[in-house]
Amino acid sequence: MSNTPFPPVRIGTGYDVHAFGPGDAVMLGGVAVPHSCGVLAHSDGDVVLHALCDAMLGALALGDIGQHFPPSDARWKGADSMAFLVHCNSLLAERGWQVGNADVTVICERPKVGPHAQAMRERIASGLGIALDRVSVKATTTEKLGFTGRSEGIAAQAAVLLVAAP
């Protein structure tokens with residue numbers, strides 16, 4: 001056992017997925033991205049923010065987004081997921097932490113994420129109260145493999161580094 005103090009950082013990861021359904025846009029990172037369909041979800045189904053919330057909660061061992069915003073609770077029907085992000089960020093702050101950086105990957109064939117990535121970064125950075133250069137949003141396809149490749153749904157994964165608040 002070392003006498004070296006544990007560094008004041010925490011790492012968390014998150015993943016979320018939603019099936020496509022009726023609609024003409026999907027919420028991604030707090031941005032309505034035009035698409036030929038929407039998603040099936042209790043809230044607005046923003047996979048980017050849901051994955052990010054799970055990463056933040058996981059880094060502090062505070063459970064997952066479903067524990068904090070259960071789909072069985074009518075209050076969250078159609079809810080704006082930015083409220084979830086702000087709530088999770090307040091949980092971090094109450095415990096003396098802040099997001100050092102966040103990295104999100106959207107996994108889908110469509111819609112095209114690139115044209116909207118900057119707006120997503122700006123919304124996320126604003127919601128977290130951090131500098132834009134601490135938020136990354138990018139996308140990848142699965143080369144037409146699996147449910148995302150067949151355009152049956154969309155997924156996102158996120159990683160966050162939490163640092164002790166100054």
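How many helices and strands does the secondary structure of the protein come to? It comes to five helices and seven strands. The model is predicted, and the views below go from the whole chain to single residues.

**Figure 1. Overall fold of the predicted model.** From the N terminus on, the elements run β-β-β-β-α-α-α-β-α-β-α-β. The C-alpha trace spans about 55 × 35 × 30 Å along its principal axes. The radius of gyration is 16 Å, which agrees with the value near 15 Å that a compact globule of 166 residues would have. Buried residues make up 46% of the 166 residues. Contacts between residues at least 6 apart in sequence were also sorted by separation: 71% of them join residues at least 24 apart.

**Figure 2. The annotated binding site, with Asp16, His18 and His50.** The "binding site" label comes from an unreviewed UniProt entry. The three residues span 35 residues in sequence, yet no two of their C-alpha atoms are more than 10.4 Å apart, so they gather at one spot. That spot opens onto a pocket: Asp16, His18 and His50 are included in the lining of the largest pocket. Two elements supply the histidines. His18 belongs to strand β1, residues 9-21, and His50 belongs to helix α1, residues 47-59. The two side chains make a polar contact with each other at 3.5 Å.

**Figure 3. Close-up of His18 in strand β1.** Is His18 buried or exposed? Its relative accessibility is 15%, so His18 counts as buried. The cut-off for buried is under 20%. Beyond four places in sequence, His18 touches Val39, Leu40, Ala41, Gly45, Val47, His50, Gly153 and Ile154. One of these partners also meets the side chain through a backbone atom: the His18 side chain reaches the backbone oxygen of Leu40 at 3.2 Å. The His18 side chain has a polar contact with the side chain of His50 as well.

**Figure 4. Close-up of His50 in helix α1.** His50 has a relative accessible area of 6% and is buried. Which residues does His50 touch, not counting those up to four places away in sequence? They are Asp16, His18, Ser43, Asp44, Gly45, Ile65, Ser81 and Phe84. Asp16 and His18, both in that set, share the UniProt "binding site" annotation with His50. Ser81 and Phe84 are among the buried residues of α3.

**Figure 5. Phe20, also in strand β1.** Phe20 counts as buried, at 13% relative accessibility. Phe20 and Gly153 are 133 residues apart in sequence, but their C-alpha atoms are 4.7 Å apart in space. Gly153 is one of the contacts of Phe20 beyond four places in sequence. The others are Val26, His35, Cys37, Gly38, Val39, Leu40, Arg110, Pro111, Ser151, Glu152 and Ile154. Val39, Leu40, Gly153 and Ile154 are in contact with His18 too.

**Figure 6. Helix α3, residues 81-94.** The helix has 14 residues and reaches 20 Å from its first C-alpha to its last, close to the 20 Å expected at 1.5 Å a residue. At its start, a side-chain oxygen of Asp80 reaches to within 2.8 Å of the backbone nitrogen of Met82. Gly96 follows the helix, with a positive phi near 85 degrees. Which residues of α3 are buried? They are Ser81, Met82, Phe84, Leu85, Cys88, Asn89, Leu91 and Leu92. Their cover includes α1, α2, β5 (97-107), α4 (117-128) and β7 (153-164).

**Figure 7. Leu62, in the loop between α1 and α2.** Helix α2 covers residues 65-68. Not counting residues up to four places away in sequence, Leu62 touches Leu57, Gln67, His68, Leu91 and Arg95. Leu91 is among the buried residues of α3. Ser126 gives a contrast in distance: Leu62 and Ser126 are 64 residues apart in sequence and 23 Å apart in space, C-alpha to C-alpha.

**Figure 8. Thr148 in helix α5, residues 146-149.** Thr148 has 4% relative accessibility and counts as buried. Beyond four places in sequence, its contacts are Ile107, Cys108, Glu109, Thr142, Gly153, Ile154 and Ala155. Gly153 and Ile154 also touch His18, and both are in contact with Phe20.

Note on methods
Residues are numbered from 1 along each chain as its sequence is written. This is a predicted model: local features need pLDDT of at least 70, side-chain atom pairs count only at pLDDT 80 or more; totals for chains, interfaces and linings use all residues. Side-chain values use heavy atoms; hydrogens and water are left out. UniProt positions are given in the numbering used here, feature names are shortened, and annotations may be inferred rather than shown by experiment. On a 1 Å grid over the protein atoms alone, a cavity is a set of points where a 1.4 Å probe fits but cannot get out, and a pocket is an open set with protein on both sides within 12 Å along at least five of seven lines; lining residues have an atom within 4 Å of a point. Helices (H or I, at least four residues) and strands (E, at least two) are DSSP runs, numbered from the N terminus. Buried means under 20% relative accessible area, exposed over 50%, partly exposed in between (1.4 Å probe, protein chains only). Contact means heavy atoms within 4.5 Å. A polar contact is a pair of N or O atoms within 3.5 Å; within protein, one must be able to donate a hydrogen and the other to accept it, and residues adjacent in sequence count only if both atoms are side-chain atoms. The expected span of a helix is 1.5 Å times one less than its number of residues. The radius of gyration is taken over C-alpha atoms; the globule rule is 2.2 Å times the number of residues to the power 0.38.
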